[in-house]
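Reader: Could you walk me through this model, a few questions at a time?
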Amino acid sequence: MSSRLLIYGAYGYTGDLIARSAVARGWSPIVAGRNAARVESLARELGVEGRSFDLSAAQEHLEGVDVVLHCAGPFSATAAPMMAACLSTGTHYLDITGEMDVFEHADSLTQEASEAGVVLCPGVGFDVVPTDCLAARLAEELPDATRLSLAILGPPSLSPGTVKTLIEGMAVSARRRVGGVIEAVEFGSDIRMIDFGDGPTQSANATVADLSSAFRSTGIGNITTYAAVSDAQVRQFRMLHGIRRLIRFAPVSRLLKKLAAPAHGPDAAERAAQPGAVWGEVENAAGETRVGRIRLANSYTLTVDSSLGLAQHLLEQAPAEGGTCTPSQLVGWQFVEGLPGSEPIAVSVLQR
């Protein structure tokens with residue numbers, strides 16, 4: 001693979017995993033980021049080109065780049081300027097965010113992306129590739145579904161960037177989609193026991209990007225998203241939810257991130273020992289219900305494979321027309337079943 005792929009934020013935890021995997025596959029990506037010293041060190045180690053630049057100057061640094069794989073969070077601050085640069089240079093855009101507002105912003109750029117012939121596809125990692133593909137599969141199984149529920153079972157070991165993003169998310173109310181419209185709801189107000197494949201697991205309503213992506217992929221207007229949580233996590237999140245106005249203040253947010261974020265993400269052994277899973281349920285107006293689930297590799301391992309798989313797709317067979325899309329719209333829901341460590345999606349009829 002030529003250097004037509006640029007990985008921005010390549011020295012972060014997940015970006016580094018992706019960059020190293022790309023090189024191990026024989027690719028020659030451009031590694032990039034804001035920190036010149038870290039970019040230069042990584043580029044020299046991997047034997048590839050490095051480009052250091054701030055996002056305010058991204059447009060002038062995308063020369064010769066066909067696809068950007070954006071890995072530098074928090075995406076609430078970094079996605080918009082990178083998308084703007086890609087639209088200006090005719091560069092396809094991918095990122096690994098799980099932040100719903102980034103998807104909403106990409107959706108607002110659909111017409112502009114179409115006119116520019118640029119694909120905007122956020123969420124090419126653990127959130128949202130498996131859930132998006134599962135949602136599309138369930139919608140295919142029950143085309144007249146009016147309600148969709150999705151849940152994720154993620155690893156206990158998180159990267160520093162993931163923890164910082166979770167803290168930022170606590171500054172706002174939890175959300176769900178009702179009648180096609182996003183509305184606020186208290187985190188943990190909806191607790192369900194969800195079977196990801198090994199028996200019932202306590203899960204709480206939480207805001208994840210599928211509130212936007214699954215709506216685009218399926219057209220289902222009523223969507224609730226959940227995450228598997230322990231009793232202690234429910235108490236912690238409810239406490240943070242109660243002080244979310246304080247978290248909006250930068251000094252408080254910085255302090256919480258400093259206290260909560262781990263020094264580094266999970267190592268290879270931890271990733272191998274912490275697989276993931278997602279679950280979904282659709283129901284139509286007549287009460288017919290389908291349930292689906294899929295077991296997966298660790299979320300970070302899956303993100304490496306799925307993001308590079310989607311990047312390869314765009315490099316080799318980009319669609320003739322641009323626009324905003326979800327992973328399942330770009331490559332089909334079957335994509336997730338072909339990822340290393342993934343099992344086939346299991347769908348069943350729920351008997352009430």
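Author: Sure, here come some questions and answers on helix packing, burial and contacts.

The model is predicted, so local features need pLDDT of at least 70 and side-chain atom pairs count only at pLDDT 80 or more, while totals for chains, interfaces and linings use all residues. Residues are numbered from 1 along each chain as its sequence is written, and side-chain values use heavy atoms, with hydrogens and water left out.

Reader: How many helices and strands are there in the protein chain?
Author: Helices (H or I, at least four residues) and strands (E, at least two) are DSSP runs, numbered from the N terminus. On that basis the protein chain has 14 helices and 16 strands.

Reader: What percentage of the residues in the protein chain is buried?
Author: Buried means under 20% relative accessible area, exposed over 50%, and partly exposed in between, using a 1.4 Å probe and protein chains only. Of the 352 residues in the protein chain, the buried share is 52%.

Reader: Are H1 and H2 roughly parallel to each other or not, and what are they called by the cut-offs?
Author: Axes are lines fitted to C-alpha atoms, for helices over the stretch in contact, and angles run from 0 to 180 degrees between N-to-C directions. H1 (residues 13-24) and H2 (residues 36-46) pack at about 25°, with axes 11 Å apart. Angles under 35 degrees count as roughly parallel, over 145 as roughly antiparallel, 65 to 115 as roughly perpendicular and the rest as oblique. H1 and H2 are therefore roughly parallel.

Reader: Which residues in H2 meet H1?
Author: Contact here means heavy atoms within 4.5 Å. From H1 come Asp 16, Ala 19, Arg 20 and Val 23, and their partners in H2 are Leu 42, Glu 45 and Leu 46.

Reader: Which residues of H2 are buried, and where do they sit around the axis?
Author: The buried ones are Val 39, Leu 42, Ala 43 and Leu 46. The arc (that of the directions from the helix axis to the C-beta atoms) is only 100° for them, so they lie on the same side of H2. Turned away from that buried side is a face with the exposed residues Ala 37, Glu 40, Arg 44 and Glu 45. As for what the buried residues pack against, that is H1, strand E2 (30-33) and strand E3 (50-52).

Reader: What is the orientation of H4 to H8?
Author: H4 (residues 100-108) and H8 (residues 210-218) pack at an angle of about 40°, their axes 7 Å apart. That makes H4, relative to H8, oblique.

Reader: And which residues of H8 make the contact?
Author: On the H4 side you'll find Met 100, Phe 103, Glu 104 and Asp 107. H8 brings Leu 211, Ser 212, Ser 213 and Arg 216.

Reader: Is Thr 78 buried or exposed?
Author: Thr 78 lies in helix H3 (residues 75-89). Leaving aside neighbours within four places in sequence, Thr 78 is in contact with Leu 55, His 70, Ala 72 and Gly 73. Its relative accessible area is 12%, so Thr 78 is buried.

Reader: What separates the C-alpha atoms of Arg 176 and Asn 222?
Author: Arg 176 sits in strand E8 (residues 174-178), and with a relative accessible area of 34% Arg 176 is partly exposed. Arg 176 and Asn 222 are 46 residues apart along the chain, and their C-alpha atoms are separated by 7.9 Å.
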